[in-house]
Amino acid sequence: MDDKTLQHAAVEELEWAPHVDASRIQVTVHDGVVQLFGTVGTLAEKKAANRGVWHLAGVVGVRDDIEVLPVEAHRHPDEEIASRARQVLLWDSLIPGTKIGVAVDHGVVTLTGTLDLPFQRVEAEQRVQQLAGVVRIDNRIVIRRVPQTEAGLRAKIDRAFARHAELDASRIAVEVHDSQVKLSGTVPSFTQRRIAENAAWAAPGVSDVIDLMQVRH
């Protein structure tokens with residue numbers, strides 16, 4: 001798919017997305033990399049626009065330069081945003097909300113604390129990004145290290161890749177150093193790249209994932 005065709009497809013996808021005001025978002029494409037820029041009213045809308053294009057055929061990368069500028073209806077004091085964020089985290093049964101610290105400065109939410117599982121870190125960020133008034137999230141939550149061998153952790157990630165029917169893991173190389181995972185090689189789509197990265201993050205004991213994979217259709 002050439003860049004012009006991919007740009008047209010991305011614009012159509014954004015117009016199709018029910019939670020995105022596509023009239024405020026511009027799209028450019030260069031060598032398969034989609035760049036999004038413009039303004040939206042909420043961080044949730046920004047994330048929805050990003051998700052709307054990265055699964056398109058022909059996409060090798062997404063550069064998200066959309067700026068969040070809350071409209072009057074979504075403007076809230078930092079103290080109110082922080083209070084609501086704490087409540088959301090406390091009511092989420094998937095994460096220990098009492099272990100997560102929340103600070104807000106001009107709509108930028110900083111999350112801190114130490115959790116046991118990588119998915120809890122992701123879940124906390126996803127829950128908070130839905131709140132009105134949030135313009136960005138600085139996720140500083142760290143994951144408690146689980147004692148295990150590098151070979152054992154690599155084997156768990158390899159098995160996780162094998163369980164995904166939509167993922168061709170034959171060209172993905174997995175390196176583990178301590179609790180840090182490095183992914184390299186090639187995948188046929190940006191969607192598979194995201195699947196592989198998320199699968200690696202989900203492995204217990206992983207503290208960081210470095211994604212060096214390239215998309216080659």
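Phe119 is found in helix H4, the run covering residues 118–128. The model here is a predicted one, so keep that in mind as we go. With a relative accessibility of 37%, Phe119 counts as partly exposed, because that value falls between the 20% and 50% cut-offs. Phe119 also has company: together with Leu94 and Leu117 it forms a nonpolar patch on the surface, and the three share about 240 Å² of accessible area.

Now hop over to strand S8, residues 172–177. Ile172, Val174 and Val176 point to one face and are buried, while Ala173, Glu175 and His177 point to the other face and are not. That is the pattern you'd expect, because in a regular strand the side chains alternate between the two faces of the sheet. Strand S8 runs antiparallel to strand S9 (residues 180–187), and six bridges join the two. If you want one contact to look up, take Val174, whose bridge partner in S9 is Leu183. Between S8 and S9 sit two residues, making the pair of strands a hairpin. Have a look at Asp178 in that turn, too: its phi is positive, about 60°.

Next, the aromatic rings. How many aromatic pairs are there? The count comes to one aromatic pair. That pair is Trp54 with Phe190: the ring centres are 6.3 Å apart and the planes sit at 70°, so this is an edge-to-face arrangement. Trp54 belongs to helix H2 (residues 43–54) and Phe190 to helix H6 (residues 190–201), so the pair ties together parts that are 136 residues apart in sequence. Are these two rings buried or exposed? Trp54 counts as buried at 15% relative accessibility, because the cut-off for buried is under 20%. Phe190 is buried as well, with a relative accessible area of 8%. Trp54 has one further partner to point out: the charged end of Arg194 sits over its ring, 4.7 Å from the centre.

That brings us to charges. Side chains of opposite charge can pair when their charged atoms come close. Searching the whole structure turns up seven salt bridges, and three of them are worth a stop here.

Start with Asp64 and Lys46, whose closest N and O atoms are 3.2 Å apart. This salt bridge links distant parts of the chain, with Asp64 in strand S3 (residues 61–68) and Lys46 in helix H2, 18 residues apart. The two ends don't share a label for accessibility: Asp64 is partly exposed, with a relative accessible area of 22%, whereas Lys46 counts as buried at 13%.

Then there's the salt bridge between Arg63 and Asp65, where the N to O distance is 2.8 Å. Arg63 comes out at 49% relative accessibility and counts as partly exposed; Asp65, at 33%, is partly exposed too.

Finally, swing round to helix H3, residues 78–91, which holds both Arg84 and Glu80. Those two side chains meet in a salt bridge at 2.7 Å, N to O. Where do they sit relative to each other along the helix? They are four residues apart, about one turn of the helix. As for accessibility, Arg84 counts as partly exposed at 42%, and Glu80 is partly exposed with a relative accessible area of 27%.

Note on methods:
Residues numbered from 1 in each chain as written. Predicted model: local features only at pLDDT ≥ 70, side-chain atom pairs only at ≥ 80, totals over all residues. Heavy atoms only, no water. Patch = residues over 30% accessible without salt bridge, like charges linked within 9 Å, V, L, I, M, F, W, Y side chains within 5 Å. Areas by Shrake-Rupley, 256 points an atom, 1.4 Å probe, with all protein chains shown as cover. Salt bridge = Lys/Arg side-chain N within 4 Å of Asp/Glu carboxyl O. Buried < 20%, exposed > 50% of the residue type's maximum accessible area, 1.4 Å probe, protein only. Pairing = 2+ DSSP bridges. Phe/Tyr/Trp six-rings, centres within 6.5 Å; stacked < 30°, edge-to-face > 60°. Lys NZ or Arg CZ within 6 Å of the ring centre and 35° of its normal.
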